[in-house]
Amino acid sequence: MKSIWKNVASAAIAVSLAAAGSIGVRADEQPSIIAVTHGQASDPFWSIVKNGMMQAGKDINAKVDYRAPETFDMVAMAQLIEAAVNQNPAGIVISNPDPDALGPAIAKAIAAGIPVISMNSGIAATEKLGIRLHVGQDELTAGVKVGEKLKSLGKKHVLCVNQEVGNAALDQRCAGTAKGFEGGKVTVLPTTADPAEIESKIQAALTSDPSVDVVLGLSAPLVGERAVAVVEKMGNGDKVKVASFDLSANFLKAVSEGKALFAVDQQPYLQGYLPVTFLALNARYGTIPAGNVASGPSFVEKDTAASVIEKSSQGIR
């Protein structure tokens, strides 16, 4: 299987390099960029990504089309990528939560000479699939940093709440946390994105295992806020602390008030803005960064949370 992917990627890279020598549009033309992600724009996190993409389109004078399946569905997402290839845009932006499932569709894009940039998830598969570059954070590394931070705070047992099991990026966050939390315990709690289910499962887990002293969300708006609500309702905020990946205005407020430890910022606005900008510049001038761009992680804690809340409420942070 590895040799097949190697041959596909090599052929795709060759075609891509050959195409790179020509510029697709004049400087005064509006290149078409299609984005296909696994996140619906109605999701608070992905609405920020889309905001970044649309603003980049305005700033760089590019036509941007954002597409996503109705649910976390890799078959549907692969079909959306293939449909985008058929439209022959100046570039395609993708998230890549399941490289094995999406690889064949991505290979079709690259083999057709369409530059592809991945963002948010799939950094490990960038080179293998012949993708130009990745904009995002290395989720395993981010998880390790979270684990190390929680360990430095003297925590012993982390409940890592995963609202989208099967998403490689989220799985890596929990795995990285366990790696960085050496000597401590990390328990993964699988759930869906339904707020009622998230709250009930967190409450049940805290009730059944009093040793849990940290609830770690993989999404601030979906899990982090729910975790804060549960801990407050149970009245054990002195013993159980909450932290979360990603940002939301309400979760940042909880951080600023000391109800949560910290939020991990991967800058989704940049994850949307930069790929569109790069692909538009590539279409006009043949210029593109030579490597991946790290948008995170960074920690937002009590002393900095208040300054970020306004931008978060505006759909930028």
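Two residues are in contact when heavy atoms of theirs lie within 4.5 Å. With that in hand, the fold of this predicted model can be looked at from the outside in. Take the contacts between residues at least 6 apart in sequence: 75% of them join residues that are at least 24 apart.

What about the overall build? The protein has 12 helices and 12 strands. Its radius of gyration is 20 Å, close to the 20 Å that the globule rule gives for 317 residues, so the protein is as compact as a globular protein of that length. Put a box around the C-alpha trace, lined up with its principal axes, and the spans come out at about 60 × 45 × 35 Å.

Next comes the split between inside and outside. Buried residues account for 50% of the 317 residues. Here, buried means under 20% relative accessible area. The protein exposes about 13,400 Å², and 53% of that is supplied by carbon and sulfur atoms. As for charge, there are 29 positive and 31 negative charges, and their mean positions sit 3 Å apart.

Now for a set of paired strands, which can be followed from one to the next. Strand 1 (residues 32-36) runs parallel to strand 3, and four bridges join the two. In this pairing, Ala35 stands opposite Val93 of strand 3. Strand 3 itself covers residues 91-94, with Gly91 and Val93 pointing one way and Ile92 and Ile94 pointing the other. Whichever way they point, all of these residues are buried.

Strand 3 also has a partner in strand 4 (residues 116-119), again parallel, with three bridges between them. Val93 turns up here too, standing opposite Ile117 in strand 4. So far, then, Val93 has been met facing Ala35 and facing Ile117.

From strand 4 the trail leads to strand 5, and these two pair in the parallel sense over three bridges. Met119 stands opposite Val135 in strand 5. Strand 5 spans residues 133-136, and its side chains take turns: Leu133 and Val135 point one way, His134 and Gly136 the other way. As in strand 3, where all are buried, the residues named for strand 5 are all buried.

The trail then jumps well along the chain. Strand 5 pairs with strand 11 (residues 293-294), in the parallel sense and over two bridges. There, Gly136 stands opposite Ala294. Put together, the pairings link strand 1 to strand 3, strand 3 to strand 4, strand 4 to strand 5 and strand 5 to strand 11.

Conventions:
Residues numbered from 1 in each chain as written. Predicted model: local features only at pLDDT ≥ 70, side-chain atom pairs only at ≥ 80, totals over all residues. Heavy atoms only, no water. Rg over C-alpha atoms; globule rule 2.2 N^0.38 Å. Buried < 20%, exposed > 50% of the residue type's maximum accessible area, 1.4 Å probe, protein only. Areas by Shrake-Rupley, 256 points an atom, 1.4 Å probe, with all protein chains shown as cover. Lys, Arg positive; Asp, Glu negative; His and termini not counted. Charge placed at Lys NZ, Arg CZ, Asp CG, Glu CD. Pairing = 2+ DSSP bridges.
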